[in-house]
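The following exercises concern the secondary structure, sheet topology and surface of a single chain. Please work through each task before reading its solution.

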Amino acid sequence: MRRSSLGLLLCFGSLSACGGSGDDLGGMLSVDSEEYGAWTMSPTTCVSGEHRQFFGVDLTERGDVGSGVRIVDDPVDGYSLAMNIPDHDLALLVTPSSECEVFDIYLERGNVRVNNIWAIQGHAILECRAAGLEIVADLQFSGCT
């Protein structure tokens, strides 16, 4: 019995060692726009939208202040992905009604809570093409608090 209790104590004391919280990010977003140019973004930081009163995540790339992605699951409007346009005070918004061949966004609350913020996990896979604009995203994330 002592070994079992010690094992549980070690897991509770160090969640990352037992598969607990901690950002797990992967993938890339690329945009090619005739009007705004082309850029890519590979997120290195993921923050739960609960900090800003929405269900979703904000993904950013360390050291880059121009790009960022917000993925939201709105109870009325459903899923959306918004991305900042670098060097502009504008954003592109992609919704299920956008011209996308692939629109696969999924968000769920994880089983970890840090400082009353639930960790969020999910993915965003998009392939959208319109006149003068192409957006391709394959993003995975978990442990976003």
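Three exercises with worked solutions follow. The coordinates belong to a predicted model.

**Exercise 1.** Determine which elements the chain contains and how they run from the N terminus on.

*Solution.* Step one is to count the elements: the chain has one helix and 10 strands. Step two is to place them in sequence. Starting at the N terminus, the succession reads α-β-β-β-β-β-β-β-β-β-β, with the helix ahead of the strands.

**Exercise 2.** Establish the strand order of the five-stranded open sheet and explain why β3 and β7 each have a side without a neighbour.

*Solution.* First, write down the order: the five strands are arranged as β3-β4-β5-β6-β7, with antiparallel pairing. Next, inspect the edges. Because β3 (45–48) and β7 (91–94) each have a single partner strand, one side of each is left without a neighbour in the sheet. Then consider the geometry: on average, neighbouring strands of this sheet are turned by 15 degrees against each other, direction ignored. Finally, examine one pair in detail. Strand β6 (residues 78–84) runs antiparallel to β7 and is joined to β7 by four bridges. Within this region, N84 lies opposite A91 of β7.

**Exercise 3.** Describe the burial, the contacts and the accessible surface of the chain.

*Solution.* Begin with burial, taking under 20% relative accessible area as the cut-off: 30% of the 145 residues count as buried. Proceed to contacts with a separation of 6 or more, of which 43% link residues 24 or more positions apart. Conclude with the accessible surface, which amounts to about 8,800 Å²; carbon and sulfur atoms contribute 50% of this area.

Technical notes:
Residues numbered from 1 in each chain as written. Predicted model: local features only at pLDDT ≥ 70, side-chain atom pairs only at ≥ 80, totals over all residues. Heavy atoms only, no water. Helix = DSSP H or I, 4+ residues; strand = E, 2+ residues; numbered from the N terminus. Buried < 20%, exposed > 50% of the residue type's maximum accessible area, 1.4 Å probe, protein only. Contact = heavy atoms within 4.5 Å. Areas by Shrake-Rupley, 256 points an atom, 1.4 Å probe, with all protein chains shown as cover. Pairing = 2+ DSSP bridges. Axes fitted to C-alpha atoms, helices over the stretch in contact; angles between N-to-C directions.
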